[in-house]
Amino acid sequence: MMRHSTYQSIYEPVSPASVQWSTGELRKKLLQLKARPLLLKIAIISLIVIIGCSTMLTAFAGGEEDLLSGRKVIVSQGDTLWNLSVEYKPQQMDTRVFVEVLKKINKLSSNSIQAGQVLILPQYDDK
């Protein structure tokens, strides 16, 4: 059985009738509640638009052949990637590195080239 408690609250009891908000205060509180999700929605939509635009720009940017402009050389009988690299590479660059760059730019899977084949040579700034 419960006994009587002597607990007494330090706060005054609040009746629902005593809580009265003016129409302006109520409207302000409701707008504050709506504003937070609205800002979140705007941030998410902005992020989606930015990602979408950057993806579209990347998709329409073009291929590697557009970006790698350089001189073109027609392979003669007896030419090798090594000989062409020695002839056309920048002076400070290692020949092996230039051979690999030639293979990558021209999408070659091996070191073999044939007479009459057209190769794109990378162009480097002379600084």
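1. Contact here means heavy atoms within 4.5 Å. With that in hand, look at I113, which touches V75, D79, T80, L81, L84, L108 and L119, leaving out residues up to four places away in sequence. We'll meet several of those names again in a moment.

2. Some housekeeping first. This is a predicted model, where local features need pLDDT of at least 70 and side-chain atom pairs count only at pLDDT 80 or more, while totals for chains, interfaces and linings use all residues. Residues are numbered from 1 along each chain as its sequence is written, and side-chain values use heavy atoms, with hydrogens and water left out.

3. How far can you trust it? The score to know is pLDDT, the predictor's confidence in each residue, from 0 to 100. The chain has a mean pLDDT of 77, and 74% of its residues reach 70 or more. Helix α2 (residues 64-67) has the lowest confidence in the chain, at a mean of 44, whereas α3 has the highest, at 90. By the way, helices (H or I, at least four residues) and strands (E, at least two) are DSSP runs, numbered from the N terminus. Over residues 62-68 pLDDT stays under 50, and the model has six contacts beyond four places in sequence for that stretch. Where pLDDT is low, the predicted coordinates should not be read in detail.

4. Now the inside. Which residues make up the largest nonpolar core? There are twelve: V73, V75, L81, L84, M93, F98, V99, L102, L108, I113, L119 and L121. At least two residues of this core come from each of α3, α4 (95-105) and β2 (118-122). The biggest giver is α4, with three residues. A nonpolar core, to be exact, is a set of buried Ala, Val, Leu, Ile, Met, Phe, Trp, Tyr and Cys residues joined through side-chain atoms within 4.5 Å. Buried means under 20% relative accessible area, exposed means over 50%, and partly exposed is in between (1.4 Å probe, protein chains only). In soluble globular proteins, nonpolar side chains tend to be buried together.

5. Have a look down helix α3 (residues 81-88). Its buried residues are L81, L84 and S85. They sit on the same side of α3, because they cover an arc of only 100° around the axis. That arc is taken from the directions from the helix axis to the C-beta atoms.

6. Helix α4 has a longer list: T95, F98, V99, L102, K103 and I105 are buried. T95 counts as buried at 10% relative accessibility. Which residues does T95 touch, not counting those up to four places away in sequence? They are W82, S85, V86 and K89.

7. How many salt bridges turn up in a search of the whole structure? Two. The rule is a side-chain nitrogen of Lys or Arg within 4 Å of a carboxyl oxygen of Asp or Glu. Side chains of opposite charge can pair when their charged atoms come close. One bridge joins D94 and R96, with the closest N and O atoms 2.8 Å apart. D94 is partly exposed, at 34% relative accessible area, and R96 is exposed, at 55%.

8. The other bridge links the side chains of K103 and E100, at 3.9 Å from N to O. Both residues belong to helix α4, three residues apart, which is about one turn of the helix. Is K103 buried or exposed? K103 is buried, with a relative accessible area of 15%, while E100 is partly exposed at 46%.

9. Next, the loop between α4 and β2, where you'll find N106. N106 is buried, with a relative accessible area of 16%. Its side chain reaches the backbone oxygen of L102 at 2.9 Å. That is a polar contact (a pair of N or O atoms within 3.5 Å; within protein, one must be able to donate a hydrogen and the other to accept it, and residues adjacent in sequence count only if both atoms are side-chain atoms). N106 also touches V118, L119 and I120, not counting residues up to four places away in sequence.

10. K107 lies in that loop between α4 and β2 too. Its phi is near 55°, a positive value in a residue other than glycine. K107 is exposed, with a relative accessible area of 58%.

11. Last stop: Q117, also in the loop between α4 and β2. Q117 counts as partly exposed, at 25% relative accessibility. Its C-alpha atom is 8.2 Å from that of S76, and the two residues are 41 apart along the chain. Beyond four places in sequence, Q117 touches V73, I74, V75 and L108.
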